[in-house]
Amino acid sequence: MSDPAKVRRHAERVRELVASVVRSQIKDPRLGMITITDARITADLRDATVFYTVLGDAAAQASTAAALESAKGMLRSTVGKALGLRHSPTLTFVLDDVQNQVKHIDDLLTAARSADAEVQRLAAKAAYAGDAQPYRVEEDDADAEGDSPADEADAEGDSPADDAPRGGDRR
């Protein structure tokens, strides 16, 4: 298998070469405002996938796809000569619809923000279903006066601390 760093370098070189050739050598009027965004090449360096975006509507995207398809042979030979590989990689062009995905993510974020605002609005009006303090708290009359059962035991001298061994008397 090929070195992954070598594959990445070749993929980057394919992206640069295709972008350069599209910008300078292809004179097809169907070619719209195109940007080559990424290129990926298989580990055996035989197949390359080139991702592109087109500024415009669906008709501009379709005409640009047709122009790239017709120029595929020239692009492949240019890439093959520049890379110096035994076999020129076959090129596949894929429309990278980043704008649609960004719009979809923005719509999702807007929906999440509005749902959060609705939850905050409902939470502001919310009241407890039961008591505000759901746990039973019992206050003894002795606790209210400051005399707890432990205080009474200490006063009589029968505290558990009196039974504990003192000093070095460990058994």
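In what order do the elements of the chain run from the N terminus on? They go α-β-β-α-α-β-α-α-α, and that adds up to six helices and three strands. Keep in mind that this is a predicted model. Most of what follows is about helix H1, with a few whole-chain numbers at the start.

**The chain overall**
- Of the 171 residues in the chain, 22% are buried.
- Take the contacts in the chain with a separation of 6 or more: 62% of them are between residues 24 or more positions apart.
- The chain has an accessible surface of about 12,600 Å², and carbon and sulfur atoms account for 51% of that.

**Helix H1: length**
- H1 covers residues 4–24, which makes 21 residues.
- At 1.5 Å a residue, H1 should span 30 Å, and its end C-alpha atoms are indeed 30 Å apart, so the two values agree.

**Helix H1: two sides**
- On the buried list for H1 you'll find Val-7, His-10, Ala-11, Val-14, Leu-17, Val-18, Val-21 and Val-22.
- Look down the axis of H1 and these buried residues sit within an arc of 130°, which means they line one face of the helix.
- Flip to the other side of H1 and there are three arginines, Arg-8, Arg-9 and Arg-23, that are exposed.

**Helix H1: what it packs against**
- The buried residues of H1 pack against strands E1 (33–41), E2 (47–55) and E3 (90–95).
- Helices H2 (58–70) and H3 (72–83) are also packing partners for those buried H1 residues.

Technical notes: Residues are numbered from 1 along each chain as its sequence is written. This is a predicted model: local features need pLDDT of at least 70, side-chain atom pairs count only at pLDDT 80 or more; totals for chains, interfaces and linings use all residues. Side-chain values use heavy atoms; hydrogens and water are left out. Helices (H or I, at least four residues) and strands (E, at least two) are DSSP runs, numbered from the N terminus. The expected span of a helix is 1.5 Å times one less than its number of residues. Buried means under 20% relative accessible area, exposed over 50%, partly exposed in between (1.4 Å probe, protein chains only). The arc is that of the directions from the helix axis to the C-beta atoms. Contact means heavy atoms within 4.5 Å. Accessible areas come from the Shrake-Rupley method with a 1.4 Å probe; for residues, only the protein chains shown count as cover.
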